[in-house]
Amino acid sequence: MSYYDKAAENFTVALLAFKREKYNAAASRLYYAFYQACVGELTANGKTVADFVSSDRMKELMGRKSDNDSPVWPHDVVVNSALSRNGLNLNRLEKSIIRQSKYLRVKGDYYDKVTVTVDDLEDLFREAPRILVSLGVVMLEKETS
């Protein structure tokens, strides 16, 4: 299954969680949809983790290889380096939305006294289909509504 397919699958699950008012789960799946779409697009554009990290960090990452014998894409590399160094063709708003989705995932997954709300997510879900498609994700029409 490609990163793009995984992104579409996670977005479908994010939408279901959002519609069922399971906002912490929706935030988590939305972030993973963005993360996987970004990795898919970076890879399709011939980028590797080595394009964004120091040689010392690369040595550390070589211990965690994916199924194609290259290092896995660390979340900080995708969200910080790849987005800020124009590793992806996204505008400022799109990059901001992806960063916000990571923040909300952490908020929803790791803190017990705070929760993600519908207000936190509405703008992200409104923009997500367009951003995912711009990153190369093919989604069914029902996933975008």
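Which residues have the most contacts inside the largest nonpolar core? The points below take up that matter first and then turn to the salt bridges, with the reminder that this is a predicted model.

1. The largest nonpolar core comprises 46 residues, and those with the most contacts inside it are Phe11, Trp73, Leu121 and Phe125. The elements that contribute two or more residues to this core are helix 1 (3–19), helix 2 (23–44), helix 3 (55–61), helix 4 (75–84), helix 5 (92–110) and helix 6 (118–134). Of these, helix 2 gives the most, with 13 residues. As general background, nonpolar side chains in soluble globular proteins tend to be buried together.

2. Turning to charged side chains, the structure holds 6 salt bridges. One of them joins the side chains of Arg130 and Glu94, with an N to O distance of 2.5 Å. This pair links distant parts of the chain, since Arg130 belongs to helix 6 and Glu94 to helix 5, 36 residues apart. The two partners are set differently with respect to solvent accessibility: Arg130 is partly exposed, with a relative accessible area of 39%, whereas Glu94 is buried, with a relative accessible area of 6%.

3. The Arg130 and Glu94 pair should be read together with Glu127, for Glu94, Glu127 and Arg130 are linked in a network of salt bridges.

4. A further salt bridge is formed by Lys107 and Asp120, whose closest N and O atoms are 3.2 Å apart. Here too the pair links distant parts of the chain, with Lys107 in helix 5 and Asp120 in helix 6, 13 residues apart. In this case the basic partner is the buried one, Lys107 having a relative accessibility of 15%, while Asp120 is partly exposed, with a relative accessible area of 22%. The figure for Asp120 should be read with the cut-off in mind, because buried means under 20% relative accessible area.

5. The salt bridge between Arg126 and Asp123 has its closest N and O atoms 2.2 Å apart. Both residues lie in helix 6, 3 residues apart, which corresponds to about one turn of the helix. Arg126 is exposed, with a relative accessible area of 56%, and Asp123 counts as partly exposed at 47% relative accessibility.

6. Taken together, helix 5 and helix 6 each give two or more residues to the largest nonpolar core, and these helices are also joined by the salt bridge between Arg130 and Glu94 and by that between Lys107 and Asp120.

Key. Residues are numbered from 1 along each chain as its sequence is written. This is a predicted model: local features need pLDDT of at least 70, side-chain atom pairs count only at pLDDT 80 or more; totals for chains, interfaces and linings use all residues. Side-chain values use heavy atoms; hydrogens and water are left out. A nonpolar core is a set of buried Ala, Val, Leu, Ile, Met, Phe, Trp, Tyr and Cys residues joined through side-chain atoms within 4.5 Å. Buried means under 20% relative accessible area, exposed over 50%, partly exposed in between (1.4 Å probe, protein chains only). Helices (H or I, at least four residues) and strands (E, at least two) are DSSP runs, numbered from the N terminus. A salt bridge is a side-chain nitrogen of Lys or Arg within 4 Å of a carboxyl oxygen of Asp or Glu.
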